[in-house]
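Reader: I would like to learn how to read strands, helices and burial from a model. Could you take me through a case?

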Amino acid sequence: MERAGKIRILEGAVADILGGESRLVVITGSCGTGKSALLQEFSGRIPDSAHFLSATASPAENSQQFGVLFQLLRYARPLAAAESPWGSILDLLAERGPDDERVHRIGAAFAEVARQAPVVVGVDDIQHVDFASLQVLCFLLRRLPSLRLLLVVTDNDNGRATSCPFRSELVRNSRAWRLRLGPLGRDGVAELLTEQLGAERAAALTPEFHALTGGNPLLVRVGAEEYLIQGATALDAERRAGCGVHDELSRAFMALLHSAGEGTVAVATAIAVLGADAAPARIARLVGERAAVVEWIVDSLAAAGLTEGCRFRNAGFETAVVDRLPPEERVALHCGAAWLLYEDGRAAGDIARHLLRAGAADEPWAYKVLREAAVDALAADDPEFALECLRMAAETCPDLHERADISVVRFAVEWMSDPGFAHRWFDSLLDTAREGHLHGPRALELVAYLIWHGRLDDAAECLRRVRAAAGDDGQQPGPETVVVMEWIEFLWPSRATGPRSAPPAGELNRPILTGRGPRVFETLRGVLRGGSDPQTGAALREIANGWSLPSESMEAMVGALLAAIYAGCTDFAESWCEALMREAAERQTTTWEAVLCAVRGLIAARRGQPPTAARYALRALELMPARGWGIGICAPLAVLISACTVMGRAEEAAAWLNHPVPDAAFQTHFGPLYLHARGEYRLAAGRPDAALADFGTCGELLRGWGMDTPGYLPWRTSAAAARLALGEAEQARNLADQQRRHSGGHDPMVRAAALRISAAARPLRERPTLLQEALTVLSGAEESLEMILVLVELSRAFRELGLSGRARSTARRAWNLAQIVGVEAMCTRLLTPDLVAHLDVADDSESQADDSVTLTDSELAVARLAALEHTNREISRKLSITVSTVEQHLTRVYRKLGVAGRKEIRLVLRVLAADSA
């Protein structure tokens, strides 16, 4: 073992006294480093030819005069076959008289024995020896050269604890040896473990044991014993962190601290309380000790393997130290730590943790620190800590207005964690607002939450108070206020927030919302009121650059994504939304993830992907209970109802229609989405009158709100379909044409749908042209529901015109896309039975029945180059023909394929190639 060399030194000292040369050996080291064990092992190697006396000193007994000397003499081992020479000295100890005289007489008697025969004296913990016994030992040290005496003592590395007379004698004595013990290295730990656990387990466990114990021999032994009882759980870091003093290893750790003295316990306690903020200077201020002394104790703890710098090696040790503190002392220490960190300008979160552990925040600065720490915690995705800080800040804040603001922020944080229980806050917050303590942006936030949960009357009352306060104040609002007001107007468009003059009073140390928010709602308002333009997409991409969930509010996030959807930027909206969903999942922010899933469902619905839309909408409802959705539940329900209707799952759509929806929802932005989906279901169920009523209500609401843009809801197209089902072709055509001419109807899906309905309301001969125009509009888009609907209508038109081969090939194109999109049932339901019968069968008559689908080799070559968007001149050069010939070939290609331009050629050629394959 690593201690073998020390044993050999001690055995050499025994040989010296047997040869007539005396010696003093002092074994030093920090607590638990094996000093007592080394002394005990050595005592078993002392030969019978020497007297052996041993004693263990204790701080509990150092007031007993000659107590250690009594131990030495009473249990002395005499020489073999000889009478004990110590009886006379015991008699002297029993006598009374002046202390100095007794020390001299006892010391002289002891020295006489040591002149006659070798004597080995072992004293464990010399620092705790009583003063009278220590005087006798010093007497012997001064006469050491004339004696055959070996004095072996153990001493902690604590100069203050060891008696000054003995230390003075030690310094002057030329026959003194020092043996310093430190923590075991890995090899030493391995040897100890091998003794207790066996070689195989020792080899596997040595690294972990060394890291856990720092090589402290006592802790290694206790840890090994605990391992034998509990197995691997004895080393589990999480379990140990919660065990505290109820764990054998932690109990041993505490025993080591107490053996080192009160000063060491005080410093260790400060280390445990301060945690990561522990530093020698700060510890000294907390315990009221000199910095030099604290540094020495910190070094001795590290030398014992108990700490690394100013941190314990194991969380269980820290727990053990704190758990043994009386409650009042623990409160005082944490309050003191908070004050020190506040004085040092440390982060608000570091200070707040001590205030929370103390359960007290009486200083006038404390609630402000707690408030700041809450904002930092929210930015770092730690809502639980933020709530703790806000709860204490609200309890200790003396200002009623600030306390009300803190309460709203606390409510908002709890809402993000569990929106379903928001109602328990509303009454108290409304009372606070009625008492005049809540105003500015926090009052507006309360209004927004009231609207979300359908409490429109309370929201209106609170909004009136905000407006009245704003009128009295006259200040211009800050960005945060503007964003909340815009969100309220978006949610509840029939109740505008009025003049932008509400004051930004009562804000936290820094606003939760950034300056990006006002731009979001400015863009959204522009899209809803005037449609989109090419600059809209660029503006949204600029807004999204660098966006992250903690830095922006949910309101701004939803507003930005909806602006992208309504502006027709669904490609961008999809990629951005999925990136935010991944971030929300990584951060485990379930409410954010639920809302984002609902938005992703809306995106998929707008892109004509019903199965995808239904999957995300269902996931949204799974992530957040219905009670938390409030009026927002209309969005995922609308997506589910619409998607199930399109996919032919009528019973499922009906079940979702039976799901409760707040009455107030139909006065808010999400109401028309639900009404439109219900209208689609009613139309598919053969109730066009009821469907038309729903679509008409949508139109009335959107016109009344000034949001009549097809990017939000193309209600005219849907109403036209209902009119068509009622046999009112002219009214249907008028509505569809209105939709086509609408200033905001630039979205390909919206335009194609309007063309499709307009074609259905026109004479048969006019339909293919409009439907082919719809295909051209969709040629740049990916496979979608609308493209399938257009192809279905086109195949039906070809069939009625007698072009059966063309009808079948077009139906097959629709079927192929339906399989990709996942709406096969819808496709077969809309196609006529004879067309359905030929979906999986391609015969020669189909291609021969209509020469319009047969291209010559020259025409096919020109068509392929045109599909790749080459110009006529480029095609002429590549094929070595004239431009005029190219134009003639293209004219015949357009006629045969039934397309309106070269953009659609690529789609038709791809489908024809798939058919032939």
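Author: What follows goes through one strand, its neighbours, two helices and a single residue. The model is predicted.

Reader: How many residues of strand β4 are buried?

Author: Buried means under 20% relative accessible area. In β4 (residues 149-156), eight of the eight residues meet that cut-off, so the strand is largely enclosed by the rest of the structure.

Reader: Which residues lie on each side of β4?

Author: L149, L151, V153 and D155 are on one side, and L150, V152, T154 and N156 are on the other. Both faces are covered, as all of these residues are buried.

Reader: Which way does strand β1 run relative to β4, parallel or antiparallel?

Author: Strand pairing is read from bridges. Strand β1 (residues 23-29) and β4 run parallel and are joined by seven bridges. R23 stands opposite L150 of β4. Strand β3 (residues 119-124) is also parallel to β4, with five bridges between them. There, V120 has L150 as its bridge partner.

Reader: What do β3, helix α6 and β4 make?

Author: Here one follows the path from strand to helix to strand. β3, α6 (residues 131-142) and β4 make a β-α-β unit, and it is right-handed.

Reader: What should the twelve residues of α6 span?

Author: At 1.5 Å a residue, α6 should span 16 Å; its end C-alpha atoms are 17 Å apart, which agrees. As for burial, nine of its twelve residues are buried, so α6 is largely enclosed by the rest of the structure. Among the nine are A132, S133, L134 and V136. The list also includes L137, C138, F139, L140 and L141.

Reader: Where do the buried residues of helix α5 sit around the axis?

Author: One takes the list of buried residues, then the arc they cover. In α5 (residues 99-116), the buried residues are R102, V103, I106, G107, F110, A111, V113 and A114. They cover an arc of only 160° around the axis, which puts them on the same side of α5. These residues pack against β2 (51-56), α3 (67-74), α4 (87-94), β3, α6 and β4. The helix has 18 residues and reaches 26 Å from its first C-alpha to its last, close to the 26 Å expected at 1.5 Å a residue.

Reader: Does T536 count as buried or exposed?

Author: For a single residue one compares its value with the cut-off. T536, in helix α27 (residues 534-544), has 9% relative accessibility and therefore counts as buried. Leaving aside residues up to four places away in sequence, T536 touches T523, V527 and A567.

Technical notes
Residues numbered from 1 in each chain as written. Predicted model: local features only at pLDDT ≥ 70, side-chain atom pairs only at ≥ 80, totals over all residues. Heavy atoms only, no water. Buried < 20%, exposed > 50% of the residue type's maximum accessible area, 1.4 Å probe, protein only. Helix = DSSP H or I, 4+ residues; strand = E, 2+ residues; numbered from the N terminus. Pairing = 2+ DSSP bridges. Right-handed = clockwise from strand over helix to strand, strands pointing away. Expected span 1.5 Å × (residues − 1). Contact = heavy atoms within 4.5 Å. Arc of directions from axis to C-beta.
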